[in-house]
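Below is a colleague's note for someone opening this structure for the first time. Please read it with the sequence and the model side by side.

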Amino acid sequence: MKRNSRLSVALHVLLHMAEQADKALTSEVLASWAATNPVVIRRTFAGLRDAGIVGSTKGHGGGWTLLKPLDAVSLADIQAALDEPLLALGKAEESPGCLVEQAVNAALDDAVAQARRLLDERLSKITLADLAAQIGPRRVVLAAAGCKDPHHES
């Protein structure tokens with residue numbers, strides 16, 4: 001199964017944005033944090049903007065800003081805004097009249113539907129604030145080991 005990285009990229013960038021919430025940030029800056037292209041950021045963030053999670057302004061001094069507090073945004077909110085299934089499983093469609101293929105597809109459809117419900121339920125219970133709370137302690141561990149966070153010089 002191919003891994004969808006849009007949710008990971010969005011979460012990564014949103015958490016960095018939260019640390020610099022006092023200013024608008026360009027797609028280029030956001031892309032540098034996720035080691036991706038600014039076009040990927042713009043495409044990914046379009047759905048987040050439509051959902052009211054982020055805002056964007058054009059022109060000099062423009063960029064992306066967070067519109068909601070971290071504790072008001074769940075991972076399920078972000079995934080829904082991306083409008084792309086997080087979990088997908090291909091099914092056979094070579095012989096739609098075949099009873100065996102129909103049984104296999106029905107079983108796979110049911111399993112994927114159950115998995116999506118469970119995943120949606122779990123993601124709805126995790127907020128950006130929950131993730132942000134895990135970052136500080138990780139930085140302490142990095143510092144103690146003599147390592148630096150590549151996005152934050154201390």
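The points below go from the whole chain to single residues.

1. Overall make-up. The model is predicted. The protein contains 6 helices and 2 strands. Read from the N terminus, the order of elements is α-α-α-β-β-α-α-α, so the two strands have three helices on either side in sequence.

2. Burial and surface. The protein has 154 residues, and 29% of them count as buried. About 9,600 Å² is exposed, with carbon and sulfur atoms supplying 57% of that area. For contacts between residues at least 6 apart in sequence, 61% link residues at least 24 apart.

3. Helices α1 and α3. Helix α1 covers residues 6-19 and helix α3 covers residues 38-50; they pack with their axes 10 Å apart, at an angle of about 80°. This angle makes α1 roughly perpendicular to α3, because angles from 65 to 115 degrees are counted that way. On the α1 side the contact is made by R6, V9, A10, V13, L14 and M17, and on the α3 side by I41, R43, T44, F45 and L48.

4. Helices α2 and α3. Which other helix packs across α3, and at what angle do the axes cross? The axes of α2 and α3 cross at roughly 100° and come within 8 Å. Here too the description is roughly perpendicular, for α2 against α3. The residues that meet are S27, E28, L30 and A31 from α2, and P38, I41, R42 and F45 from α3. I41 and F45 also appear in the contact of α3 with α1.

5. Residue S27. S27 is placed in helix α2, which spans residues 27-34. Is S27 buried or exposed? S27 has a relative accessible area of 8%, which means that it is buried, the limit being under 20%. Its side chain makes a polar contact of 2.9 Å with the side chain of W64. Leaving out residues up to four places away in sequence, S27 touches P38, I41, R42 and W64. W64 falls within the residue range of strand β2, so S27 links helix α2 to that strand as well as to α3.

6. The loop after α2. A35 sits in the loop between α2 and α3. Its phi is near 50°, a positive value in a residue other than glycine. This deserves a look, because most residues other than glycine have a negative phi. A35 is exposed, at a relative accessible area of 74%.

7. The strand pair. Strand β1 (residues 54-57) and strand β2 (residues 63-66) pair in the antiparallel sense, over 4 bridges. The bridge partner of V54 is L66 in β2. The hairpin has 5 residues between the strands, and within it G59 takes a positive phi near 90°.

8. Helix α4. How many of the 8 residues of α4 are buried? Helix α4, residues 75-82, is mostly covered, with 6 of the 8 buried. The buried residues are L75, A76, I78, Q79, A81 and L82.

9. Residue L82. L82 lies in α4 and is buried, with a relative accessible area of 5%. Setting aside neighbours within four places in sequence, L82 is in contact with R6, L7, T44 and L48. R6, T44 and L48 are also among the residues where α1 and α3 touch. In addition, the C-alpha atoms of L82 and F45 are 7.9 Å apart, although the two residues are 37 apart in sequence.

10. The residue after α4. D83 comes just after α4, in the loop between α4 and α5. Its phi is near 55°, again a positive value in a residue other than glycine. D83 is exposed, with a relative accessible area of 70%.

11. Residue E101. E101 is placed in helix α5, residues 99-124. With a relative accessible area of 11%, E101 is buried. A polar atom of its side chain lies 3.0 Å from the backbone nitrogen of S95. Leaving aside neighbours within four places in sequence, E101 is in contact with A92, E93, E94, S95 and P96.

Conventions: Residues numbered from 1 in each chain as written. Heavy atoms only, no water. Pairing = 2+ DSSP bridges. Buried < 20%, exposed > 50% of the residue type's maximum accessible area, 1.4 Å probe, protein only. Contact = heavy atoms within 4.5 Å. Areas by Shrake-Rupley, 256 points an atom, 1.4 Å probe, with all protein chains shown as cover. Polar contact = N/O pair within 3.5 Å; in protein donor to acceptor, adjacent residues only side chain to side chain. Axes fitted to C-alpha atoms, helices over the stretch in contact; angles between N-to-C directions. Parallel < 35°, antiparallel > 145°, perpendicular 65-115°, else oblique.
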